[in-house]
Amino acid sequence: MPRTMTKLEAVREFERKEAEKIPASERLGFHLTPLVGWMNDPNGFCYYNGCFHLFYQYHPYNTVWGPMHWGHAVTTDLLHWDYQPCALAPDSSADSAGCFSGSAVETPDGRLLLMYTGVQPASTGHKEIQAQCVAVGDGRDFVKDRANPVITGDMLPDGFSTVDFRDPKIWYENGRYYCVASSRHVIDQGTILLFESPDGHAWKFVTVLDSCHDQLGKMWECPDFFALDGSQVLLVSPQEMRATDDSEFHAGEGTVALLGRYDPVTHAFARQKVQAVDYGLDFYAPQTTLAPDGRRIMVAWMQTWANTHNAPQHHPWFGRMTLPRELSVKQGRLYQNPVRELETLWAGETRLTDVQVDERTALPGIRGRSLDLTVKVHAAESPDCRRFTLRFAEAGGLFTEIRCDLDRGELAFDRSHCGSRRDIAHTRHIKVAPRDGLLTLRLILDKDCAELFLNDGACALTALVDTALEADGISFAADGGPVRLDVIGHPLK
């Protein structure tokens with residue numbers, strides 16, 4: 001009698017067969033998509049055995065959210081991804097309702113340790129239970145700890161939820177393992193908790209790092225915690241945020257960077273600055289890793305939960321990751337820019353300097369949907385220009401528009417005319433002003449993906465554009481008076 005396959009063996013066989021049916025033309029150029037099925041949060045982003053590993057929340061059997069597995073891909077250049085077999089399936093009593101988000105770290109003996117949230121379904125007498133689990137392996141195959149879950153609800157201080165207790169981010173420091181995880185406090189709401197372990201398996205609670213105090217959303221998800229350029233950075237993804245008058249935060253799911261100071265002896269974190277991580281329409285659950293050359297690299301799910309409902313199914317998969325980004329802290333602010341490896345995809349250059357634009361116009365050599373476009377707006381030398389606009393993915397009355405109100409220091413990203421018929425958010429307004437008379441925009445396009453970086457990475461804005469790829473026009477215009485521009489376009493291979 002043939003042996004019955006395990007859940008992990010079954011999903012690996014399924015994804016292998018189904019992936020063969022997806023042609024390369026259905027993939028994006030340099031943004032990671034799931035091998036098959038559904039993708040959401042990035043997990044286990046790390047550098048291990050000579051390459052970057054990125055795991056992800058994964059429902060291989062459908063293009064809608066379902067029982068969570070861990071998909072897996074590797075890359076040496078952060079642009080071209082090689083799919084690996086599914087890493088985790090919900091096949092144990094500790095995670096039978098799903099292997100939720102988590103992280104990875106290399107152990108001193110050279111193995112890879114995964115830490116994730118195992119979900120146990122609700123049953124008679126208790127609600128759903130979320131707790132933290134571990135698995136160890138060689139970078140491809142992993143064995144779950146028989147003692148899972150290794151961090152349980154009974155380790156939490158009074159007032160914390162075991163239904164909302166998830167998303168551990170693990171690291172190894174000074175001979176010990178640490179992790180931060182999200183929980184929800186009955187009064188303080190979203191809270192980040194710190195745990196410590198001598199071996200990655202036996203854990204104890206250490207302290208509360210920070211809480212939202214019912215101000216920055218409700219539940220905080222997907223924490224990350226790291227030192228960068230003399231600051232300590234805590235990334236969180238709040239749910240149920242309220243919009244702020246200064247346009248720093250929008251309503252719904254958001255992403256927040258808390259910059260401050262951290263004492264590794266007392267484990268006290270003192271928040272000093274709060275800012276949005278990304279100001280766009282499709283960005284959530286960022287996770288970072290440290291590259292061998294010292295760069296802090298971040299990737300995020302290029303989607304939001306509000307935008308997944310009744311989303312158009314243009315592909316045999318759903319979900320994608322952002323372009324990986326290099327992080328830095330300057331003047332107390334988190335900056336981000338596309339990884340420098342993107343320049344290896346440049347397939348030529350169009351450079352236009354001292355261009356004066358008034359009426360809407362296209363510029364020679366500037367078009368496409370796979371493009372690295374930099375526009376420098378010389379605001380100080382365009383005193384009569386009140387508004388500068390850039391349209392892309394333009395054809396037949398369809399376009400997405402970036403409007404820069406130079407006199408008010410405000411930018412609007414507007415995809416209302418991209419062709420979407422969905423009742424979702426289509427516009428974001430953010431505060432961004434010229435610096436020393438110059439406003440710099442860098443727009444990265446990869447088919448339906450658009451990522452905008454402003455003033456050399458001081459702000460980033462991410463969005464999907466539901467426009468057919470045949471719409472590849474780009475145009476420029478000014479209101480009130482002409483604007484002087486420098487424009488550099490690099491088509492991407």
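What share of the contacts in the protein chain with a separation of 6 or more comes from residues 24 or more positions apart? It's 57%. Keep that in mind as you look around this predicted model.

**Stop 1: the whole chain**

Start zoomed out, with the cartoon on. You should find one helix and 32 strands in the protein chain. Turn it about: along its principal axes, the C-alpha trace spans about 70 × 55 × 45 Å. A compact globule of 493 residues would have a radius of gyration near 23 Å, and the protein chain agrees because its own value is 23 Å.

Now switch on the surface. Its accessible area comes to about 19,600 Å², and carbon and sulfur atoms own 49% of that. As for what's tucked away, 61% of the 493 residues count as buried.

**Stop 2: a hidden space**

Rolling a probe the size of a water molecule over the atoms shows where empty space is left. Here the count comes to five cavities of 30 Å³ or more. Let's visit the second largest cavity, which holds about 70 Å³ of space.

To find it, select its lining: Pro42, Asn43, Ser101, Gly102, Asp167, Pro168, Lys169, Cys222, Pro223, Ala285, Pro286 and Gln287. Then colour the strands that give two or more residues to this lining: E1 (37-48), E5 (99-106), E9 (160-173), E13 (220-228) and E17 (284-290). What mix of residues do you get around the second largest cavity? Six are nonpolar, four polar and two charged.

**Stop 3: Ala285**

Stay with one of the lining residues, Ala285. Ala285 lies in strand E17, and its phi is near 55°, a positive value in a residue other than glycine. Is Ala285 buried or exposed? Its relative accessibility is 1%, so Ala285 counts as buried.

**Stop 4: Glu240**

Next, select Glu240, in the loop between strand E14 (231-238) and strand E15 (256-263). Glu240 is another non-glycine residue with a positive phi, this time near 60°. With a relative accessible area of 48%, Glu240 is partly exposed, whereas Ala285 is buried.

**Stop 5: a cis bond**

Most residues other than glycine have a negative phi, and most peptide bonds are trans. For a peptide bond that is cis, go to the one from Asn148 to Pro149, where omega is near -5°. Pro149 sits in the loop between strand E8 (142-144) and E9. Follow the chain on into E9 and you're back at one of the strands that help line the second largest cavity.

Note on methods. Residues numbered from 1 in each chain as written. Predicted model: local features only at pLDDT ≥ 70, side-chain atom pairs only at ≥ 80, totals over all residues. Heavy atoms only, no water. 1 Å grid on protein atoms, 1.4 Å probe; cavity = no way out; pocket = protein on both sides within 12 Å on 5 of 7 lines; lining within 4 Å. Points joined across faces, edges and corners; volume = space filled by probe spheres on them. Helix = DSSP H or I, 4+ residues; strand = E, 2+ residues; numbered from the N terminus. Nonpolar A, V, L, I, M, F, W, Y, C, P; charged D, E, K, R; others polar. Rg over C-alpha atoms; globule rule 2.2 N^0.38 Å. Buried < 20%, exposed > 50% of the residue type's maximum accessible area, 1.4 Å probe, protein only. Contact = heavy atoms within 4.5 Å. Areas by Shrake-Rupley, 256 points an atom, 1.4 Å probe, with all protein chains shown as cover.
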